[in-house]
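Take a look at the fold below before reading on. The paragraphs after it go through the parts one by one.

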Amino acid sequence: MDSLEIATAIAATVGLAIIMWVYKNFFGGPPRLKPNKYIPVKLIRKETVSSNAERPTVFLTFDANVSEFPTGAHVSCKFESNGKQVIRPYTPTRFSESECELMVRVYPKGQMTQHMHKLKVGDTLLFRGPTGMKRYGRAGPGTFSKVLKSKETHQRGLTDIIMLAGGTGITPMLQICNHIIRDDTDSTRVQLLVANSSPSDVMLYDELVKLERASKKQIRVHFTVSRCGDDWKHIKGRVTKEMVKNLCPPPSKKVACAICGPPGFNKVALSILDELGHAKEMIWQW
């Protein structure tokens with residue numbers, strides 16, 4: 001093969017690769033979200049994942065590729081009601097990399113959650129993303145980062161993460177946990193405390209149990225509820241200082257804390273971590 005034939009073969013290979021990349025990113029598969037522009041995204045699956053009739057929790061799968069989303073990022077959802085825009089941020093769970101999965105609790109007066117609950121498969125919702133400033137793994141395994149327009153700050157060398165999740169606050173924790181078990185180089189240990197009002201409020205119980213097993217106990221999941229019967233086999237009661245102290249590692253520069261939940265839950269969680277001696281800079285709130 002002479003030099004002209006070699007050059008022709010290389011050019012053809014490169015050209016084919018470019019065509020495949022363009023097709024994959026612009027024409028093939030689910031659409032990729034844009035950080036600065038809302039685009040309509042189709043709902044492809046819908047499932048109720050808690051048995052609380054007054055405040056059901058739904059797991060919504062939208063046809064959007066979030067595989068390149070940084071871990072810890074949100075999406076922003078928007079719709080219009082009576083001439084006014086309703087916008088709310090949500091954190092995808094990231095069980096699937098090729099779809100955008102949202103878990104939302106439907107509140108009686110929640111404009112966005114009521115709208116989402118009424119969506120049917122095939123309907124669309126406006127999305128943009130990624131949004132948010134907090135990231136896990138951006139600077140390597142065992143790191144948290146805060147990303148601003150002008151600078152980035154990183155917290156490195158973490159060996160353990162304490163996660164306190166109230167209700168649907170489990171979603172950013174799931175993102176981080178799924179990231180950890182997919183990265184063979186990430187040995188960060190996790191103690192995940194999942195708090196809910198009652199057993200019927202617990203979301204994705206089976207998936208969380210499977211996640212712990214898949215991690216080979218690198219991730220330990222603990223469930224607690226405020227109200228329950230004698231058949232509840234896990235922890236009983238609201239999250240307390242003693243509960244966190246008994247389940248989690250002591251304060252250290254190598255131990256980060258991540259919390260997410262309703263405002264009341266977050267306030268209590270921050271107070272508990274402060275009383276236990278965890279430094280403010282080691283606490284990440286979603």
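What follows is a walk through two sheets, an aromatic cluster and a helix.

This is a predicted model. Keep that in mind for every value below.

Start with the six-stranded sheet. It is open, and its strands run in the order E4-E3-E6-E1-E2-E5 with antiparallel pairing. Strands of a sheet pair through backbone hydrogen bonds, either parallel or antiparallel. Which strands stand at the edges? They are E4 (84-90) and E5 (100-105). Each has a single partner strand, so one side of each lacks a neighbour in the sheet. From one strand to the next, the twist averages 40°.

Helix H2, residues 111-118, packs on this sheet. Its contacts take in E1 (39-48), E2 (57-62), E3, E4, E5 and E6 (124-131). The direction of H2 makes about 85° with that of E4.

Now look at the two ends of the strand order. At one end, E3 (residues 74-81) and E4 run antiparallel and are joined by seven bridges. Val75 has Tyr90 in E4 as its bridge partner. At the other end, six bridges pair E2 with E5 in the antiparallel sense. Leu60 stands opposite Leu102 of E5.

E5 is an edge strand, with one side left without a neighbour in the sheet. Is E5 mostly covered or mostly exposed? Mostly covered: six of its six residues are buried. In a regular strand the side chains alternate between the two faces of the sheet. In E5, Cys100, Leu102 and Val104 point one way. Glu101, Met103 and Arg105 point the other way. Both sets are buried.

The second sheet has three strands. It too is open, with the order E7-E8-E9 and antiparallel pairing. E7 (134-136) and E9 (152-155) stand at the edges. Each of them has a single partner strand, so one side of each has no neighbour in the sheet. Neighbouring strands are turned by 20° against each other on average, direction ignored.

E7 and E8 run antiparallel, joined by three bridges. One residue to follow here is Lys134, which lies in E7. Lys134 is partly exposed, at a relative accessible area of 24%. Twelve residues separate Lys134 from Lys146 in sequence, yet their C-alpha atoms are 4.8 Å apart. Beyond its neighbours within four places in sequence, Lys134 contacts Thr71, Gly72, Ala73, Ser145, Trp284, Gln285 and Trp286.

The E7-E8 pairing also leads to the aromatic residues. Tyr136 has Phe144 in E8 as its bridge partner. The structure holds five aromatic pairs. Tyr136 and Phe144 form one of them, edge-to-face, with 5.3 Å centre to centre and 70° between the planes. Both residues are buried: Tyr136 has a relative accessible area of 1%, and Phe144 has 0%.

Phe144 has a second ring partner, Trp284. How is that pair arranged? The centres are 5.1 Å apart and the planes meet at 25°, so the pair is stacked. This contact links distant parts of the chain: Phe144 is in E8 (residues 144-147) and Trp284 in E15, 140 residues apart. Trp284 counts as buried, at 9% relative accessibility. Together, Tyr136, Phe144, Trp284 and Trp286 form one aromatic cluster. Two members of that cluster, Trp284 and Trp286, are also contacts of Lys134.

Finish with helix H6, residues 263-276. It has 14 residues and spans 20 Å from first C-alpha to last, close to the 20 Å expected at 1.5 Å a residue. Which residues of H6 are buried? They are Phe265, Asn266, Ala269, Ile272, Leu273 and Leu276. These cover an arc of only 130° around the axis, which puts them on the same side of H6. On the other side, Pro263, Lys267 and Asp274 are exposed.

What covers the buried residues of H6? The cover includes strands E10 (160-166), E11 (189-196), E14 (255-260) and E15 (283-285), along with helix H5 (241-247). E15 is also the strand that holds Trp284. Just after H6, Gly277 takes a positive phi of about 100°.

Methods: Residues numbered from 1 in each chain as written. Predicted model: local features only at pLDDT ≥ 70, side-chain atom pairs only at ≥ 80, totals over all residues. Heavy atoms only, no water. Helix = DSSP H or I, 4+ residues; strand = E, 2+ residues; numbered from the N terminus. Expected span 1.5 Å × (residues − 1). Buried < 20%, exposed > 50% of the residue type's maximum accessible area, 1.4 Å probe, protein only. Arc of directions from axis to C-beta. Contact = heavy atoms within 4.5 Å. Phe/Tyr/Trp six-rings, centres within 6.5 Å; stacked < 30°, edge-to-face > 60°. Pairing = 2+ DSSP bridges. Axes fitted to C-alpha atoms, helices over the stretch in contact; angles between N-to-C directions.
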